[in-house]
Every structure is written in structure tokens, then in C-alpha cells.
Amino acid sequence: MAKTKGLTPQTEDFSAWYNEIVYRADLADLSPVRGSMVIKPYGYALWEHIQHNLDQMFKDTGHQNLYMPLLIPLDFFQREAEHVEGFSPELAVVTHAGGKELEEPLAIRPTSETMFGEMYSKWVQSYRDLPLLYNQWCNVMRWELRTRPFLRTTEFLWQEGHTAHANAEEALAETRQMLDVYAKLAEEFAAVPVVRGEKTAGERFAGAKLTITIEAMMRDARALQSGTSHYLGTNFAEAFNISFNDENNEQAFAHTTSWGFSTRFIGAIIMTHGDDKGLVLPPRLAPHQVVIVPIYPRNDDEGQARVMAEVDTLAANLRDASVRVHVDAREGMSPGFKFNEWEQKGVPLRLELGPKDLDKGEVVLANRLYDDKRSVALSDAVSISVAALEQFHHDLFERAHAFREAHSFHADSYDDFKDRVAEGWVYVNHCGRPECEAAIQDDTKATPRCIPFDGPAADGDCVRCGEPNAYERRVIFAKAY
RNA sequence: CGGGGUGUAGCGCAGCCUGGUAGCGCACUUGACUGGGGGUCAAGUGGUCGCAGGUUCAAAUCCUGUCACCCCGACCA
């Protein structure tokens with residue numbers, strides 16, 4: 001594998017590699033405020049493609065967007081016991097405004113269950129008002145102790161869906177449906193294979209009855225929670241009085257859900273596909289799917305015009321085929337410099353077109369995934385590119401999937417578990433006791449990632465303590481971000 | 001909050017021990033050549049040395065204080 005000059009190799013220091021590539025690929029920049037970052041156009045374009053595809057799936061499943069305010073009365077957080085305990089430590093609170101101290105402090109939202117709860121209580125009177133299927137795209141703030149670009153910043157962008165239903169069955173179906181939407185985004189758009197499963201009680205969202213998650217494996221074999229969907233039962237409905245008259249004219253509390261997917265997923269894309277040359281972006285989300293680098297002698301106006309005319313035609317034809325193409329016509333930079341730059345930025349395909357190619361009626365096609373270059377007939381360039389992008393997506397997914405399988409293990413003794421969990425994910429029988437989870441974390445830094453929906457069945461006692469296992473399936477333990 | 005580190009040009013750093021006109025690489029500007037894998041040559045631009053105070057004829061350098069940021073842990077989408 002060729003490397004990019006000056007970029008720390010993944011195997012030497014994965015964390016350093018990650019930080020360097022975020023800035024080198026121009027995804028983001030540090031901001032003057034601790035723990036927050038500027039998402040630059042290239043990174044934001046990636047987010048826009050994620051947004052666009054997720055949003056379409058939300059609409060297709062009957063949801064509507066709305067917008068709730070940024071500031072939430074601080075006392076709202078007191079109303080749900082677990083919620084306040086979970087979020088209080090990381091709230092940022094506005095205490096002064098308009099030159100005066102506020103009588104009621106206002107929290108900057110870390111998540112909006114409380115605000116939705118407040119408003120839903122006004123909007124729901126009858127079972128006929130249900131379900132409410134709303135989502136918002138917004139920023140939230142959590143005063144994390146330690147931050148990393150995209151993975152954990154004090155302010156981040158996400159969507160939060162909040163729904164209210166007449167009964168548990170509908171709410172649970174909604175919770176599961178939206179997790180499947182996230183999994184679809186991850187796998188079919190980002191080429192990131194994920195495991196779907198349930199969180200153990202200790203890892204559950206503050207105030208939820210059930211939290212389900214998609215977990216992805218990064219190239220250092222650690223896990224990244226990439227999207228979560230929660231069934232909140234009637235906890236928030238009771239705290240905010242979301243009640244209604246049912247068909248029998250009896251008072252009932254709504255069953256609510258919430259689900260979120262954030263810019264953190266950009267970190268998942270970086271760490272699932274990136275290599276020692278830089279980013280590798282999944283074609284269906286990449287800001288540029290194809291970049292064309294024209295090559296021409298600078299002082300040959302005629303030759304330059306000839307190359308540029310052909311490049312423009314090629315770009316137009318690609319756009320007609322719905323390919324996102326970028327022509328890098330910058331002057332004063334050598335072709336080699338541009339090749340390296342676009343490789344570092346993870347563009348899937350690159351077309352190089354110069355006088356020699358034109359004479360042969362060809363164009364050079366370079367593939368970011370295979371470190372491969374070949375000449376193709378100009379007349380076939382569009383169809384070959386379209387097919388190559390499809391293939392790229394599938395191969396990228398398969399590569400990530402194969403990596404995950406190669407770093408997933410079973411363990412039936414605690415000694416074996418400790419060895420294996422240093423190398424990847426480990427499926428074990430587990431007792432489910434929080435104190436046992438804590439002991440495992442102390443010993444190994446690994447935490448329960450999820451109880452996979454379709455993983456292997458539990459078939460023995462707890463791998464650490466020997467108590468009876470608590471779940472129907474083996475639990476995945478892994479070190480996580 | 002604990003441990004470690006760093007503040008000097010846009011970025012990365014040297015200089016500090018032993019005080020004496022602020023330096024290197026990259027980037028940037030201009031020109032020429034060059035152009036199929038991170039070009040060459042030439043001439044340039046850019047700095048209240050984190051901040052405040054002190055010692056001294058003289059402070060990036062010594063002393064005191066202070067602020068900020070980064071990395072490793074605990075908390076977490």
C-alpha cells in the first residue's frame with residue numbers, strides 16, 4: 001500500500017492518523033472554542049448527502065420535519081428522574097441574557113425529549129391525534145470532558161426523531177423501524193456494515209425502557225455506536241402529561257420513541273474505510289464521485305483548448321448520467337500533486353485526460369480502492385465509471401465486512417476473553433449484572449456493545465463470573481469510542 | 001478532576017541552559033522555466049515571541065503570577 005507523505009500510518013498510531021486526516025482532507029478545522037469544530041465545505045457536503053438520504057427515508061416512512069427551540073427551561077430536565085441524572089453533568093446553561101440574570105435558567109438542548117414532551121402534551125387529546133411522527137435536524141450541545149473531531153464534540157449536528165403512539169406495540173415497531181432506516185443508511189449508502197442489537201441496561205439511554213443500536217467496527221477493531229433508537233415507554237408521557245382519551249373514552253398515556261443519528265457517523269466513515277493514503281469515501285455519499293484531472297502543456301494554447309474541450313464534454317456526459325463529477329482545472333499545480341490530494345480526500349474514481357490519451361481516444365481511470373490505473377476508451381468512460389462506482393460500493397462494503405468478521409471472536413473462558421478483546425469484538429455469555437459489566441470494563445476497558453438481534457444463541461454461564469446468562473443471545477463486548 | 005506536554009510567521013518547529021538587532025522548513029506573493037505521481041530557479045511578503053508584573057543598560061531567553069490549548073485516563077451520540 002502506498003502511503004501519503006507525512007501521514008502517520010494507521011498501524012503506528014491510529015488516533016494520530018485519524019486526527020491528521022480530518023484536517024488534511026479538509027473535512028473540519030479546530031475552532032477557538034474548546035471542544036468544538038468548524039465543519040468545512042468538504043465535510044459538510046458529506047453530511048448533506050447523509051442528511052438528504054436519511055431525510056428521504058424519514059419521509060418515506062411517514063415522518064414530518066419541524067423545528068423545536070434551542071433553549072429549554074432547566075427545570076424540564078428535573079421531571080424525568082433518570083433523564084436528569086444522565087444529562088445534568090453535561091448541560092450548558094444560559095444564566096444571563098439581555099444584560100440581566102435570568103430568573104429561570106435555560107439549558108442549551110443536549111437532546112429534546114423534554115421539549116417534545118411539553119409540546120406533545122398540548123397537541124395530544126384523543127387517540128385520533130396519534131401517532132405523532134416528527135423529526136428535527138438541529139444542533140445539540142453536551143459538555144463532554146474529552147472531545148475528538150466528529151466523534152465527540154461539545155456541539156454537534158444530528159437529527160432527532162420523536163414519536164408518540166397509542167400503545168406499546170406501535171411504539172416498539174417504530175423504534176425498530178427507525179433502527180432499520182439507520183442500518184440501511186450505514187450499509188447501503190456508507191458501505192459500513194453494522195450489527196443491530198439491544199443495549200444492556202447499563203448502556204441504555206437515560207429515561208428509556210429499551211435502547212437499540214447499530215454498531216460498526218473501525219479499522220482499529222474498536223466499536224463505534226453509530227445510531228440509536230429508543231422506546232421510552234410512558235416515562236416521558238407521564239413526566240410531561242402526554243395523555244389522551246382512547247377509543248373507550250379512558251385516559252391513557254402515550255408511548256413515545258426517540259431516535260438520533262449524528263455527524264459522529266462521519267467519523268465512522270473515516271475510520272471504517274480510510275487507509276494510509278487518507279480517506280476512502282463511499283461513492284453514494286462522496287461529495288465528488290469522480291474527479292477529472294486535465295493534463296496539458298501550459299504554453300500550448302491549442303493543446304490546452306483541445307484537452308479542456310474534451311474534459312468539459314466528458315464531465316457533462318458524466319453529469320447526464322447522474323455522476324457527481326468535479327473538474328480540477330487549477331493552474332500552477334502539477335498533476336502529481338492533484339492525484340495525491342484527491343486520493344487523500346478519498347474520491348473514489350479519478351479520470352486523467354491529456355494529449356497522449358486524446359491521440360489514442362482514451363482516458364486513464366484510477367480507482368482509489370485498488371490503487372489501480374488503466375486506460376479506457378473515451379467513448380466508454382461514462383458507462384465504465386458508472387459501473388465502477390457501483391462495484392466500488394460493493395467491494396468497499398465487503399472489505400469492511402470481511403475485516404469485521406476477521407476481528408470477531410467467541411470466548412468461553414475469561415482468560416481467552418481478555419486476550420481476544422484486545423484484538424476485536426468478542427461474543428460471550430453474560431450474566432447482565434451491572435457490577436459484572438463494570439468489573440469487565442476495569443479489567444479490559446471493554447464494554448457491552450449490544451445483544452445482537454440475530455447473533456449466536458447464549459449457551460452457557462457468564463464468561464467472567466459463572467452466574468447464569470441473562471439474555472437469549474451472546475453479548476458483544478468490545479472497546480468502543 | 002488526575003497524569004503528561006506545549007504556547008515563537010498561516011502550519012510544523014529551532015533558539016531559552018550560558019540575556020545583546022528573531023531564525024529554519026512548508027505554505028503564501030511575483031516572474032521565468034516546467035507539467036503523465038507531491039516540480040526548478042530567482043526575488044519577496046509575513047512576528048506586540050500566550051498574557052501581566054518583576055530583575056537588568058538590555059528579556060523570546062532569568063524570576064513570579066496568570067491564561068489557554070493539546071495528549072493520556074475517568075464521563076459520553
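Helices (H or I, at least four residues) and strands (E, at least two) are DSSP runs, numbered from the N terminus. Residues are numbered from 1 along each chain as its sequence is written, with chains lettered from A and ligands numbered from 1 in the order in which they are written. The structure is a predicted model, in which local features need pLDDT of at least 70 and side-chain atom pairs count only at pLDDT 80 or more, while totals for chains, interfaces and linings use all residues.

**Helix α7 and its surroundings**

G267 has its place in helix α7, which runs over residues 264–273. A residue is called buried if 20 or more other C-beta atoms, placed from the backbone, lie within 10 Å of its own, exposed if 12 or fewer do, and partly exposed in between. By that criterion G267 is buried, because 23 other C-beta atoms lie within 10 Å. The helix as a whole follows suit: 10 of the 10 residues of α7 are buried, so it is largely enclosed by the rest of the structure. Two residues are in contact if their C-beta atoms, placed from the backbone, lie within 7 Å, and G267, leaving aside neighbours within four places in sequence, is in contact with F150, L151 and L224. Of these partners, L151 is 116 residues from G267 in sequence, yet their C-alpha atoms are 5.6 Å apart in space.

**Backbone features**

Most residues other than glycine have a negative phi, and most peptide bonds are trans. The table lists three places in loops that depart from this pattern.

| Site | Backbone value | Location |
|---|---|---|
| L130 to P131 | cis, omega near -5° | P131: loop between α4 (113–123) and β7 (132–141) |
| F150 | positive phi of about 65° | loop between β7 and β8 (155–165) |
| A221 | positive phi near 75° | loop between β10 (210–217) and β11 |

F150, the contact partner of G267, is buried, with 25 other C-beta atoms within 10 Å, whereas A221 counts as partly exposed because it has 19 C-beta neighbours inside 10 Å.

**Helix α2**

The expected span of a helix is 1.5 Å times one less than its number of residues. For the 20 residues of α2 (residues 41–60) this gives 28 Å, and the end C-alpha atoms are 28 Å apart, which agrees. The buried residues of α2 are G43, L46, I50, L54 and F58. They cover an arc, taken from the directions from the helix axis to the C-beta atoms, of only 110°, which puts them on the same side of α2. The face turned away from that buried side carries the exposed residues P41, H52, Q56, K59 and D60. After α2 comes G62, whose phi is positive, near 90°.

**Nonpolar cores**

A nonpolar core is a set of buried Ala, Val, Leu, Ile, Met, Phe, Trp, Tyr and Cys residues joined through C-beta atoms within 7 Å. The largest has 88 residues, and those with the most contacts inside it are V192, I292, L351 and F477. Apart from it lies another core, of 27 residues, among them F87, A237, I242 and A254.

**The surface near RNA strand B**

A residue is near a strand if its C-beta atom, placed from the backbone, lies within 6 Å of it. Of the 42 residues around RNA strand B, those that come nearest are R34, R298, G336, G354 and K356. The largest share of this surface, 8 residues, comes from α9.
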